[in-house]
Amino acid sequence: MTRRVVRASPDFFAHLDTQLGDERGPAGEPSIADFQAYELLPLVEEFATGWDQLPELIPGRPEYRILIKTGYLIPLISVVGQLAPDGAIDLTEIQIDLQPPHG
């Protein structure tokens with residue numbers, strides 16, 4: 001199994017900062033610290049070991065991949081990764097949906 005180095009870019013953390021607060025929300029929404037403690041490492045692991053199986057974000061541009069999954073605390077997480085020239089993966093964007101899916 002190929003394992004790649006994964007880095008979270010400053011843009012990734014800027015996106016995270018706009019979606020989660022420093023403290024838990026009034027309805028129990030997770031904080032940035034909660035995300036980093038429970039969600040970040042599993043996301044990094046999926047990119048590190050499963051890059052080649054992730055779908056292309058833009059068809060025909062294999063250097064951009066997307067991971068959409070449920071988290072431990074967050075109902076829906078979408079993360080974009082970009083393959084860097086050195087072979088590492090840079091996590092560049094994250095979207096968090098705190099509303100559980102209806103179904």
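Which residue forms a salt bridge with R7? Select R7 and D86 together: the two form a salt bridge, and their closest N and O atoms are 2.9 Å apart. R7 belongs to strand 1 and D86 to the loop between strand 3 and strand 4, so this pair ties together parts that are 79 residues apart in sequence. Keep in mind throughout that the model is predicted.

Colour the two residues by accessibility. R7 counts as partly exposed, at 33% relative accessibility. D86 counts as exposed, at 56%. Now add D90 to the selection: R7, D86 and D90 are linked in a network of salt bridges.

**The strands around R7**

Show strand 1 (residues 6–8) and strand 4 (residues 89–97) as cartoon. They run parallel and are joined by 3 bridges. Within this pairing, R7 stands opposite D90 of strand 4. D90 therefore appears twice on this stop, as the residue opposite R7 in strand 4 and as a member of the salt-bridge network.

Next, add strand 3 (residues 76–83). Its pairing with strand 4 is antiparallel and extends over 8 bridges. To find one point of contact, select G81, whose bridge partner in strand 4 is L91. Then move to the turn of this hairpin, where 5 residues lie between the strands. Pick G87 there and check its backbone: it takes a positive phi near 90 degrees.

**Two further salt bridges**

The structure holds 7 salt bridges in total. Side chains of opposite charge can pair when their charged atoms come close.

Select E45 and R3. They form a salt bridge with the closest N and O atoms 2.7 Å apart. E45 sits in helix 3 (residues 40–50) and R3 in the segment before strand 1; the pair links distant parts of the chain, 42 residues apart. E45 is partly exposed, its relative accessible area being 35%, while R3 counts as exposed at 52%.

For the last stop, select R24 and D34. Here too there is a salt bridge, with a closest N to O distance of 2.7 Å. R24 lies in the loop between helix 1 (10–19) and helix 2 (32–38), and D34 lies in helix 2, so the pair ties together parts that are 10 residues apart in sequence.

Is D34 buried or exposed? At 8% relative accessibility, D34 counts as buried, because the cut-off for that class is under 20%. Its partner R24 is exposed, with a relative accessible area of 57%.

How values were computed. Residues numbered from 1 in each chain as written. Predicted model: local features only at pLDDT ≥ 70, side-chain atom pairs only at ≥ 80, totals over all residues. Heavy atoms only, no water. Pairing = 2+ DSSP bridges. Helix = DSSP H or I, 4+ residues; strand = E, 2+ residues; numbered from the N terminus. Salt bridge = Lys/Arg side-chain N within 4 Å of Asp/Glu carboxyl O. Buried < 20%, exposed > 50% of the residue type's maximum accessible area, 1.4 Å probe, protein only.
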